[in-house]
Amino acid sequence: MDTGQELGSTIPRARVEDDAPQLEPMLDLEWSRAIELPRAAMTAATPAELRRAWVHRAPEDRVLALFRASAGMAGPIPAPWWLRAVADGTLDSREQGFRVEDRIAQLLGRRPGWEFVPWAADGESGYWEFMPSERGKSGHAIPTTVMNTDRHPGWIDVLPAHTGATPDPIAIAGLAGLRSRLGELEAVR
């Protein structure tokens with residue numbers, strides 16, 4: 001008959017306070033919640049109406065600290081263009097990024113055919129589409145798209161209307177550059 005005597009060595013001893021598990025926040029989950037938008041934001045008509053996540057409202061230094069800690073764990077993470085630019089030191093502040101977005105909204109929001117699309121990739125600030133360039137005479141399936149970027153100091157990229165493979169973005173030299181090229185962009189219908 002087996003008395004279980006040999007089990008004594010396999011049963012773990014009781015924990016004491018010194019070896020209690022150390023719990024650390026899960027950065028991926030914390031970051032995901034930081035960029036999460038409420039469902040109501042999906043009807044936003046401008047970037048300003050989309051700014052309802054923690055990254056838009058919390059103190060900028062805390063946002064930057066969490067972004068850096070989260071990005072250091074697993075490489076690139078979803079984030080607004082302006083936050084990546086602030087973290088890289090190429091943009092002075094979140095407010096400056098908001099001003100760039102708002103000026104584009106003021107310019108394109110008054111022009112016929114331009115529509116704001118709030119459902120961009122996680123963490124992103126939405127983008128603008130020129131609807132007449134989609135399925136018009138030119139037959140393009142994807143309309144001309146204006147979006148913000150951190151890849152150059154003009155902060156604006158344009159994807160031309162296209163069908164098939166996505167073309168390389170065209171770097172635009174800020175709001176003045178966008179304003180000067182609107183005739184060219186709106187000519188594609």
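**Notebook: arginine 151, ring pairs, salt bridges and strands**

I began with arginine 151, which has a relative accessibility of 48% and therefore counts as partly exposed. The model I am reading is predicted. I then looked for the partner of the arginine 151 side chain and found aspartate 157, the two meeting in a salt bridge of 2.6 Å from N to O. Aspartate 157 has a relative accessible area of 3%, so I entered this residue as buried.

**Entry on strand S4**

I next examined strand S4 (156–159). Which residues of S4 are buried on each side? Ile156 and Val158 are buried on one side, and Asp157 and Leu159 are buried on the other, so that both faces of S4 are covered. I recalled the general rule that side chains in a regular strand alternate between the two faces of the sheet.

I then looked up the neighbours of S4. S3 runs antiparallel to S4, and four bridges join them. In this pairing, valine 146 stands opposite valine 158 of S4. With strand S5 (residues 170–172), S4 also pairs in the antiparallel sense, over three bridges. I noted that aspartate 157 has alanine 171 in S5 as its bridge partner.

**Entry on salt bridges**

I searched the whole structure for salt bridges and recorded seven. Which residue forms a salt bridge with glutamate 124? Arginine 84 does, with the closest N and O atoms 2.8 Å apart. Arginine 84 belongs to helix H5, whereas glutamate 124 belongs to the loop between strand S1 (114–117) and strand S2 (127–130), so this pair ties together parts that are 40 residues apart in sequence. Glutamate 124 has a relative accessible area of 22% and is therefore partly exposed.

Arginine 84 also meets aspartate 150 in a salt bridge, at 3.2 Å from N to O. This pair links distant parts of the chain, 66 residues apart: aspartate 150 lies in the loop between strand S3 (144–148) and strand S4, and arginine 84 lies in helix H5. Aspartate 150 counts as partly exposed because its relative accessibility is 23%, and buried would require a value under 20%.

I also noted a network of salt bridges that links Arg51, Glu101 and Asp102.

**Entry on aromatic pairs**

I searched the whole structure for aromatic pairs and found five. One of them joins tryptophan 31 and phenylalanine 67, whose ring centres are 5.6 Å apart and whose planes meet at 55°, so I recorded the pair as tilted. Why does this pair tie together parts that are 36 residues apart in sequence? The reason is that tryptophan 31 lies in helix H1 (residues 27–35) and phenylalanine 67 in helix H4 (residues 60–74). Tryptophan 31 is buried because its relative accessibility is 3%. Phenylalanine 67, at 8%, counts as buried as well.

I then turned to tryptophan 82 and phenylalanine 98, an aromatic pair that is edge-to-face, with 5.4 Å from centre to centre and 80° between the planes. Tryptophan 82 is in helix H5 (residues 81–88) and phenylalanine 98 is in helix H6 (residues 94–109), so the pair ties together parts 16 residues apart in sequence. I checked their burial: both tryptophan 82 and phenylalanine 98 are buried.

What sits over the ring of phenylalanine 98? I found the charged end of arginine 51 there, 4.2 Å from the ring centre. Arg51 is thus listed twice in my notes, over this ring and in the salt-bridge network with Glu101 and Asp102.

Methods:
Residues are numbered from 1 along each chain as its sequence is written. This is a predicted model: local features need pLDDT of at least 70, side-chain atom pairs count only at pLDDT 80 or more; totals for chains, interfaces and linings use all residues. Side-chain values use heavy atoms; hydrogens and water are left out. Rings of Phe, Tyr and Trp (its six-membered ring) pair if their centres lie within 6.5 Å; planes under 30 degrees apart count as stacked, over 60 as edge-to-face and the rest as tilted. Helices (H or I, at least four residues) and strands (E, at least two) are DSSP runs, numbered from the N terminus. Buried means under 20% relative accessible area, exposed over 50%, partly exposed in between (1.4 Å probe, protein chains only). A charge sits over a ring if NZ of Lys or CZ of Arg is within 6 Å of the ring centre and within 35 degrees of the ring normal. A salt bridge is a side-chain nitrogen of Lys or Arg within 4 Å of a carboxyl oxygen of Asp or Glu. Two strands pair if DSSP finds at least two bridges between them.
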